Amino acid sequence: MSWLTVLKLVPWTDVIKNAPAVADGAKKLWKSVGKNEAAEAGEAPASPASALSNLPESQAIALLERQIGSLEITVDELHQQMRESSELIKALADQNTQLIKRVEVNRRRIWVLAGLVLILGLTGALAMARPLIG
């Protein structure tokens, strides 16, 4: 499938109409994720009571501390991935907006050029027909 065929299948009026909403949504997402959010310490999910009840208190506390540390690392990694993803989404939305603007400018230029070609074609046809008429 050629690029021209793919571009013809795109509903450009819908894309152009929705481009500002996509950009605004990406900006809102970026603002909400980009803020330096302090992670609030919540209650850790309880391990099954049977597993902890068989351990001495010091070992149970050590196990819970390791689990909490592991969970904090995981949350930090996920938060970083979310920031990177939202940065990418914002960049893509901005690029999409720029692309849509350029496509719209090119569409207008094509209409102007088509009009000029039509005028030149009619002028040429009249110039060629004039010697035949008179």
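This report describes the fold, the salt bridges and the surface patches of one protein chain, using a predicted model.

**Overall fold**

The protein chain contains four helices and zero strands, and when its elements are read along the sequence they follow the pattern α-α-α-α. Two of these helices come up repeatedly below, namely helix α2, which covers residues 12-34, and helix α4, which covers residues 57-133. Of the 134 residues in the protein chain, 9% are buried. The accessible surface of the chain comes to about 11,300 Å², and 65% of that area belongs to carbon and sulfur atoms. If one considers the contacts between residues at least 6 apart in sequence, 81% of them join residues at least 24 apart.

**Links between distant parts of the sequence**

Which residues does T97 touch, once its neighbours within four places in sequence are left aside? T97 is in contact with A19 and A23. T97 itself lies in helix α4, and it counts as buried because its relative accessibility is 18%, which is under the 20% that marks the limit for buried residues.

A second pair of residues can be described by the distance between their C-alpha atoms. D94 and K27 are 67 residues apart along the chain, and yet their C-alpha atoms are separated by 9.1 Å. D94 has its place in helix α4, and with a relative accessibility of 26% it counts as partly exposed.

**Salt bridges**

Side chains of opposite charge can pair when their charged atoms come close. How many salt bridges does a search of the whole structure find? The search finds three, and they are listed in the table together with the distance between the closest N and O atoms.

| Salt bridge | Closest N and O atoms |
|---|---|
| D94 and K90 | 3.1 Å |
| R107 and E104 | 2.5 Å |
| E104 and R108 | 3.6 Å |

The partners D94 and K90 both lie in helix α4, where they are four residues apart, about one turn of the helix. Both partners are partly exposed, since D94 has a relative accessibility of 26% and K90 has one of 23%.

The pair R107 and E104 also lies in helix α4, but here the two residues are three apart, which is again about one turn of the helix. R107 counts as partly exposed because its relative accessibility is 41%, whereas E104 counts as buried because its value is 13%.

Why are E104 and R108 separated by about one helical turn? They are four residues apart in helix α4, and therefore about one helical turn lies between them. R108 is exposed, with a relative accessible area of 52%. Salt bridges that share partners join E104, R107 and R108 into one network.

**Surface patches**

On the surface, K27, K28, K31 and K101 gather in a patch of positive charge. The largest share of this positive patch, three residues, comes from helix α2. K28, one of the patch residues, is found in helix α2. Is K28 buried or exposed? K28 counts as exposed because its relative accessibility is 61%, which is over the 50% limit for exposed residues. K27, another residue of the positive patch, is also the residue whose C-alpha atom is separated from that of D94 by 9.1 Å.

A patch of another kind is nonpolar, and this surface patch of about 390 Å² is made by V112, L113, L116 and I119. Among these residues, L113 is found in helix α4, and L113 counts as exposed because its relative accessibility is 51%.

**Bringing the picture together**

Helix α4 appears in several parts of this account: it holds the salt-bridge partners D94 and K90, the pair R107 and E104, and the buried residue T97. Helix α2, for its part, supplies three residues of the positive patch.

Note on methods: Residues numbered from 1 in each chain as written. Predicted model: local features only at pLDDT ≥ 70, side-chain atom pairs only at ≥ 80, totals over all residues. Heavy atoms only, no water. Patch = residues over 30% accessible without salt bridge, like charges linked within 9 Å, V, L, I, M, F, W, Y side chains within 5 Å. Areas by Shrake-Rupley, 256 points an atom, 1.4 Å probe, with all protein chains shown as cover. Salt bridge = Lys/Arg side-chain N within 4 Å of Asp/Glu carboxyl O. Lys, Arg positive; Asp, Glu negative; His and termini not counted. Charge placed at Lys NZ, Arg CZ, Asp CG, Glu CD. Buried < 20%, exposed > 50% of the residue type's maximum accessible area, 1.4 Å probe, protein only. Contact = heavy atoms within 4.5 Å.
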